[in-house]
Amino acid sequence: MNTQAAVEISHLSKAYGNVVAVDDVSLSVAEGEIFGILGPNGAGKTTTVECVLGLRTPDTGSISVLGLDPVRDAGQLHMIVGAQLQESALPAKLRVGEILAEYRSFYREPADVGEVIDGLGLAGKVKDYYRSLSGGQRQRLSIALALIGRPKVAVLDEMTSGLDPQARRDTWDLIESVRNRGVTILLVTHFMEEAERLCDRVALIDAGHVVALDSPAGLAARASGGKSMRFVPSVPFDDRLLTELPEVGSLTRHGSHVVVTGTGELVNTVILTLATAGVAARDVQLDTSSLEDAFVKLTGRHLHEEGIPA
Amino acid sequence: MNTHTLPRPKAQVQPPKTQFPKTPFSAARLARTLLPETAPHAAFGQIVRNQVRLAWRLPAGLIFGVGLPVLLLIIFNQIPSFHQTQADLGGLTPFDVYVPILISMVIAIIALISLPGPLVTYRDQGILRRLATTPVPPSWVLAAQLVVAFCTTIASLLILVVASIAAFGVDVPKNPGALVLAVVLSIAAMFAIGLCIAAVARSGIAARAIGAAAFYPMLFFSGMWFPRELMSGALQEISNFTPLGAAVEAIQDSWQGQFPPAEPLLVLAGYALVFTMIARRFFRWE
């Protein structure tokens, strides 16, 4: 197994006039990985993937997609990369099957149309006009077109925006099954939940910069500086019972509640230690910090849940 | 590849733009751009098929382009004087004079109204940008639309010409070779103007507005409301240098048996060349 990067971006910068969209972004996506680019609208996510797709030329820096330069080797690149772009419609009066047949003809070794539409739940829609599709169906067709050429790398830009929660979850399942077939996925999103659920690693981008790059759990842990739990003890106990544990950083009492912070297997260790001392921990609550917290901590700003796509 | 160590160029004002090789012109690079070896050539057939379906399913242009001229023929046919030769029309009947005008109108409707709208819509909706991420160049869609528009024009003209000969008693064209040349040059000139509209228009609505604004003055100089033979010297001189005026002159001469003079043919070729260059210069793919 080689560990060659599927996508390697080094020191990418891109400005539009005086507006710097991407400033010195470097990241590396391993083969078979689902890699998320996460950030608020206007952070430079879309510009970054447009450079990866060869739609824009970087001002400085270099990009390699499985060894290909997106601008110089655009023809070969487009044979192995499938893209789902934001705000790209299809002709209203073409049927789903006709659109799929057209895009299928663009590739030398395309996927089977039936297979792709079954996987995306579009089987009953082949004869429908594009304009009669719901937002979720259009989005799924767009993903189908990204996959019809059997790409090695799929770039999906805001694939679930505009979808209802159920359709969003269905799409996540689909993306996982695509990855299980060995496709590397570069996912642009501003949904925290999506990144937490799908991504192996996430780059947080803000104002054109990568502010953090880690697994979703790693980023979340970094934001809280550790873990935290609170509980109500069944009987009083001595603080030292817990504070002497290596996992525990601090212990505070708020009325009947005890709050313990620490690292590692904090929860298990605390509950086990209390149990051996004959203390039951009731109403245990875990303070699980999320990517959202990480983002706020790292940038001092909130991600906007919905808004104008950047 | 240490390109990132280069100093970033001073920010220049340039619009975000998809990268397509443009000037300076190189035939080899143009060939590589239009026919990349990565794109299966069968894809072009698929694109054309879908363009034909779209033309068929949104037939406003087809109905307008074929129906209106035939309707006008039927109306003219009811006017008795239209079948009598008139001295001020150079010994032709009004019917003889109007068939070339209707031919030029068909070409203008398709070139100015049917052609630019969908192309601009394709750009507007990001369809061309989406294609730019596939092995097939977006220019293939442009080419497919041109092929479909050209075939539609030829089919419409065949209906018009056959109907006017078979049903309305117009004489058979006396110089068919010259007629074909005149029609093809007229199509080239008008399609180039249509592409130019697609290049500069910012939206499908704007394209339709510009197309209509160009259509009516051009149609005036073709003689639709006032045949060229009856125009004053100055008006006729202007008409000679408009695309539809030159088209009508060349088509009518060929129909009546003369090889058309160089002037209208050169005027049409000039429009085709200049407007193709302008369209090429200003065409945006997104």
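Reader: Why is helix α5 (residues 116-124) of chain B called largely enclosed by the rest of the structure?

Author: In this predicted model, seven of the nine residues of α5(B) are buried, so the helix is largely enclosed by the rest of the structure. A residue counts as buried if 20 or more other C-beta atoms lie within 10 Å of its own. The residues that meet this criterion are P116(B), G117(B), P118(B), L119(B), V120(B), Y122(B) and R123(B).

Reader: What covers the buried residues of α5(B)?

Author: The cover includes four helices of chain B, namely α6 (127-131), α7 (139-166), α8 (176-200) and α9 (204-222). After α5(B) comes G126(B), which has a positive phi near 80°.

Reader: What makes α3(B) roughly parallel to α7(B)?

Author: The axes of helix α3 (residues 60-78) of chain B and α7(B) cross at roughly 15° and come within 10 Å. Angles under 35 degrees count as roughly parallel, and α3(B) is therefore roughly parallel to α7(B). The crossing of α3(B) past α7(B) is right-handed.

Reader: Which residues in α3(B) and α7(B) meet?

Author: From α3(B), the residues are L62(B), G65(B), V66(B), P69(B), V70(B) and L73(B). They meet T152(B), S156(B), I159(B), L160(B), A163(B) and S164(B) in α7(B).

Reader: In chain A, what is the order of the three strands that form an open sheet, and is the pairing parallel or antiparallel?

Author: The order is β2-β1-β4 in chain A, and the pairing is antiparallel.

Reader: Why is one side of β2 (19-30) and of β4 (60-65) of chain A left without a neighbour in the sheet?

Author: Both strands stand at the edges and each has a single partner strand, so one side of each has no neighbour there. From one strand to the next, the twist averages 15°.

Reader: How do you know that strand β1 (residues 5-16) of chain A and β4(A) pair?

Author: Two strands pair if DSSP finds at least two bridges between them. Strand β1(A) and β4(A) are joined in the antiparallel sense over five bridges, and the criterion is therefore met. Opposite I9(A) stands I63(A) in β4(A).

Reader: Which helix packs on the sheet of chain A, and which strands does that helix touch?

Author: Helix α1 (residues 45-52) of chain A packs there, touching β1, β2 and β4 of chain A. The direction of α1(A) makes about 120° with that of β1(A).

Reader: What does the domain assignment of chain A give?

Author: The assignment gives domain 1 (5-221) and domain 2 (227-288). The C-alpha centres of these two domains of chain A lie 44 Å apart.

Key
Residues numbered from 1 in each chain as written. Chains lettered and ligands numbered in written order. Predicted model: local features only at pLDDT ≥ 70, side-chain atom pairs only at ≥ 80, totals over all residues. Helix = DSSP H or I, 4+ residues; strand = E, 2+ residues; numbered from the N terminus. Axes fitted to C-alpha atoms, helices over the stretch in contact; angles between N-to-C directions. Contact = placed C-beta atoms within 7 Å. Domains from an automatic or database assignment. Buried ≥ 20, exposed ≤ 12 C-beta atoms within 10 Å, placed from the backbone. Parallel < 35°, antiparallel > 145°, perpendicular 65-115°, else oblique. Left-handed = near helix turned anticlockwise from the far one by under 90°.
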